[in-house]
Amino acid sequence: MEAATANSVVGSSAEFARPWLRPSGGRARPHTPLSFRQLPWPTSRLVRSRADRTRGVVAAANPHQQQVGLEGGDAMDPERGSPGEVREEIARCYELVRRLGRGAVYLGSSRVPAAHPHYHQTAQLAAEIAKLLDCTTWTGAGPGLMDAAIQGALEADKPVGGFKIGKEAGEWTTSNFHPYLPPETYLTCRFFSARKHGLVDAVVRNSLADRTAIVALPGGIGTLDELFEIMALIQLERIGSALPVPFLLMNYDSYYSKLLEFLNDCEDWGTVAPGEVASLWKICNGNHEALEYLAQFYDVPTGERNYDISPLLKKHRVPSYTVMR
């Protein structure tokens with residue numbers, strides 16, 4: 001993305017003379033535009049030379065990976081010279097899905113520590129879904145609940161795939177490589193658009209034999225971005241138009257209850273049709289409920305529904321994502 005220019009950030013005096021930005025009562029005082037010295041952030045974040053923005057691209061050992069960056073620069077630079085670079089990365093995402101197979105896609109927070117009950121619930125759920133649907137487990141190949149899903153699938157001895165991004169929310173360092181996954185099982189994306197294309201392609205069913213699912217776990221801004229984008233694609237029949245795809249919202253410990261209340265308010269305001277949101281996903285409060293829904297969705301025989309799960313006891317509930325010591 002091109003760095004912002006000084007005028008686009010600071011603005012002109014005419015912009016700040018708009019009536020609704022004047023002090024209430026009395027005459028409007030003349031406005032002096034902000035100078036760079038008054039900005040609350042360093043100007044280096046606003047203006048960079050073209051030389052500073054240029055990054056070298058070298059092929060990594062894995063032909064599906066790219067390591068971007070020069071010493072002293074960002075490891076993953078979202079700038080691109082042409083739309084063709086985005087198309088090429090999307091094509092690599094599609095190829096990875098073709099090789100590993102479609103399956104269950106997990107959306108979730110990168111900030112949840114391994115000691116948190118939601119991490120263990122996610123690992124348990126991912127293991128059981130991988131066995132129930134006999135499918136590949138797909139994530140953003142990051143830490144937190146994404147890692148929990150990977151761990152669950154590996155424990156079940158089922159394949160995993162991922163679309164990594166250089167730096168997740170809450171991380172202070174950038175890395176193009178996953179700490180333990182084989183390089184042929186994931187792709188480090190330069191562009192978020194390519195990453196999203198890959199995750200969506202991993203759940204689109206091309207035949208009745210494809211057993212896929214979208215599992216939205218507790219998460220923050222990035223998870224909500226992916227969650228609502230996929231919901232919109234289902235609403236507009238860009239996903240599931242021919243073969244429906246189950247969408248599970250994991251409401252662990254009522255995590256999403258306030259969001260659901262907001263969506264109900266949207267119905268009252270008329271911005272969402274009555275029953276529209278409820279028709280797009282299945283709200284699950286626990287793993288057993290999610291597994292039973294998927295088993296019924298795909299007509300899994302009762303004799304094959306052997307879930308190895310343990311209920312999360314109430315005494316283990318914690319109010320926030322802090323490491324339990």
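**Entry 1: I90**

I began with I90, which lies in helix α3, residues 83–100. The model is a predicted one, and I kept that in mind throughout. I asked whether I90 is buried or exposed. Its relative accessibility is 14%, and the cut-off for buried is under 20%, so I90 counts as buried. I then looked up what I90 touches, leaving aside its neighbours within four places in sequence, and found A194 and H197. I also noted R195: its C-alpha atom is separated from that of I90 by 7.5 Å, although the two residues are 105 apart along the chain.

**Entry 2: the whole chain**

I stepped back to the chain totals. I find 9 helices and 9 strands. The chain has 325 residues, and 42% of them count as buried. I took the contacts between residues at least 6 apart in sequence and looked up how many join residues at least 24 apart; the share is 73%.

**Entry 3: helix α7**

I went to α7, residues 221–235. This helix has 15 residues, and its first and last C-alpha atoms are 21 Å apart, close to the 21 Å expected at 1.5 Å a residue. Which residues of α7 are buried? I list T223, E226, L227, I230, M231 and I234. Down the axis of α7 these buried residues fall within an arc of 130°, so they line one face of the helix. I recall the general rule here: an α-helix has 3.6 residues a turn, so residues three or four places apart point the same way. The cover over the buried residues of α7 includes β3 (103–107), α6, β7 (213–216) and β8. Just after α7, I noted E237 with a positive phi of about 60°.

**Entry 4: the cavity**

I looked for enclosed space and counted 1 cavity of 30 Å³ or more. The largest cavity holds about 60 Å³ of space. What lines the largest cavity? I wrote down L107, K196, L199, V200, E226, E229 and I230. Two helices, α6 (192–201) and α7, each supply at least two residues of this lining. E226 and I230 are also on my list of buried residues of α7. Sorted by class, the lining has 4 nonpolar residues, no polar ones and 3 charged ones.

**Entry 5: helix α8**

I repeated the length check on α8, residues 257–269. Its 13 residues should span 18 Å at 1.5 Å a residue, and the end C-alpha atoms are 19 Å apart, which agrees. The buried residues of α8 are L259, L260, L263 and C266. They cover an arc of only 105° around the axis, which puts them on the same side of α8. I then looked up what they pack against and found α7, β8 (247–250) and β9 (282–284). On the face turned away from the buried side, I found the exposed residues K258, D268 and W269. Just after α8, G270 takes a positive phi of about 90°.

**Entry 6: two more positive phi values**

I looked up S254, in the loop between β8 and α8. Its phi is near 60°, a positive value in a residue other than glycine. S254 is partly exposed, with a relative accessible area of 44%. I ended with D299, in the segment after α9 (287–297). D299 is not a glycine, yet it has a positive phi of about 55°. Is D299 buried or exposed? At 63% relative accessibility, D299 counts as exposed.

Notes. Residues numbered from 1 in each chain as written. Predicted model: local features only at pLDDT ≥ 70, side-chain atom pairs only at ≥ 80, totals over all residues. Heavy atoms only, no water. 1 Å grid on protein atoms, 1.4 Å probe; cavity = no way out; pocket = protein on both sides within 12 Å on 5 of 7 lines; lining within 4 Å. Points joined across faces, edges and corners; volume = space filled by probe spheres on them. Helix = DSSP H or I, 4+ residues; strand = E, 2+ residues; numbered from the N terminus. Nonpolar A, V, L, I, M, F, W, Y, C, P; charged D, E, K, R; others polar. Expected span 1.5 Å × (residues − 1). Buried < 20%, exposed > 50% of the residue type's maximum accessible area, 1.4 Å probe, protein only. Arc of directions from axis to C-beta. Contact = heavy atoms within 4.5 Å.
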